[in-house]
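Biologist: Got a minute to go through this one with me? Put it up on the screen and we'll start with the strands.

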Amino acid sequence: MRRHEPGRLIRMRRIPRKIVAATTLGAVALARLWHTRRRGAVRSIATFTTTDGKSRVVTLGRKRFVCVWDADSGRRLRRLSISGNPVGLTTFVSSAGSPRLAVLTAGREIHVQDPVTGNRIGELLVAEADAGSRLVAWNTASGRPRIAVTCGDAGIRVIDPESGEQNGLALIGDEVAVVDLAAWLTPDGQPRLASSGDGVTLLWDPEAGRRVGRLTGPDDRLNSVTAHTAPERTLLVVIDEDGGYTLWDPQAERKVASYRLPSGLEPGLGTSLPGLRIATGHGDGTVRVTDPATGDQLHETHFRQPVRAIAPVPDGVVVGLDNGWRMVRLPEVDAA
């Protein structure tokens with residue numbers, strides 16, 4: 001160590017500007033990376049489009065907050081505090097055409113909010129719901145929104161989120177444990193609902209409160225059901241826990257085809273894409289886009305984290321991981 005001598009000026013060595021600039025940029029990059037990783041685990045994910053056509057992502061993590069993100073830039077736009085422990089969410093369109101967010105809590109309440117402004121619209125009580133409940137939403141032929149919730153008694157409750165009224169007749173799955181839900185519209189605009197469980201998929205007319213069909217198989221416990229709608233037809237894709245998926249024509253109540261996932265690929269949740277395609281997210285971090293009618297794989301992306309949730313956006317899909325959410329943009333030829 002050099003000692004300072006009286007009367008002697010010690011000149012400090014200057015650090016070159018390039019090194020300072022590089023160090024600053026590196027610190028900023030690390031801060032951004034840390035901010036990204038601080039997004040936390042995503043248990044549930046949904047998307048919506050604003051009235052001016054902008055795509056948004058809604059995520060639910062392990063805390064009592066729901067975050068709204070810009071799908072293109074990944075920037076967080078809003079953080080909504082939810083009273084109670086949230087366990088699931090879905091988005092829908094109000095009768096006035098505005099986006100809405102429904103969050104189910106462990107306290108058996110559904111919190112309805114405006115995801116654009118953050119304003120709370122109201123709360124709905126679903127006494128039979130539990131921590132494993134699933135939600136799905138749709139609009140009737142007259143434009144009224146509906147929310148269906150799976151319940152612990154193997155039943156389904158249908159709710160008008162704007163009036164708070166429940167369908168007078170609960171949809172009961174008989175001996176079937178309701179695992180997942182899917183909703184779609186028939187060619188004449190009538191809503192239909194499918195509930196999957198232990199080897200059985202039930203078809204419902206939720207407005208009339210009656211069952212309109214029953215699809216049996218595969219024998220394995222079913223993991224998810226998704227509805228894929230095109231102008232000419234609708235297909236239901238049922239994924240089982242053993243790695244296979246079955247295609248059903250719900251109108252004719254017949255099986256179209258069945259396929260197996262590649263060896264080693266864990267079963268997962270699916271979502272529908274335009275053109276009767278299915279996007280599936282799996283526990284090994286794989287996201288696949290498949291033509292369910294042929295079984296052909298159209299796209300594949302790998303992440304280092306398990307896929308916990310998946311939802312569509314206009315040009316691809318978004319997935320929820322243990323360290324945040326990511327966008328999977330599909331090639332233009334696939335997104336047609």
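Biologist: Which residues of S11 are buried on one side, and which on the other?
Modeller: Gly155, Arg157 and Ile159 are buried on one side, and Ile156 and Val158 are buried on the other, so both faces are covered. Keep in mind that this is a predicted model.

Biologist: How many of the residues of strand S11 are buried?
Modeller: Five of the five, residues 155–159, so the strand is largely enclosed by the rest of the structure.

Biologist: How many bridges join S10 to S11?
Modeller: Four, and the two strands run antiparallel, with S10 covering residues 145–150. Alanine 148 is opposite valine 158 of S11.

Biologist: Switching to cysteines: how many disulfides does a search of the whole structure find?
Modeller: Zero.

Biologist: And cysteine 151, buried or exposed?
Modeller: Buried: cysteine 151 has a relative accessible area of 6%, and the cut-off for buried is under 20%. Cysteine 67 counts as buried too, at 12%.

Biologist: OK, pockets. What volume does the largest pocket have?
Modeller: About 1700 Å³. It is lined by 50 residues, and the closest to its centre are Thr90, Val136, Thr271, Ala311 and Pro312.

Biologist: Which strand gives the most to that lining?
Modeller: S5, with seven residues. Other elements giving two or more include S1 (44–49), S9 (135–139) and S25 (309–313).

Biologist: What's the lining of the largest pocket like by class?
Modeller: There are 29 nonpolar, 17 polar and four charged residues in that lining.

Definitions and conventions
Residues are numbered from 1 along each chain as its sequence is written. This is a predicted model: local features need pLDDT of at least 70, side-chain atom pairs count only at pLDDT 80 or more; totals for chains, interfaces and linings use all residues. Side-chain values use heavy atoms; hydrogens and water are left out. A disulfide is a pair of cysteine sulfur atoms within 2.5 Å. Buried means under 20% relative accessible area, exposed over 50%, partly exposed in between (1.4 Å probe, protein chains only). On a 1 Å grid over the protein atoms alone, a cavity is a set of points where a 1.4 Å probe fits but cannot get out, and a pocket is an open set with protein on both sides within 12 Å along at least five of seven lines; lining residues have an atom within 4 Å of a point. Grid points are joined across faces, edges and corners, and a volume is the space filled by probe spheres set on the points. Ala, Val, Leu, Ile, Met, Phe, Trp, Tyr, Cys and Pro count as nonpolar, Asp, Glu, Lys and Arg as charged, and the others, Gly among them, as polar. Two strands pair if DSSP finds at least two bridges between them.
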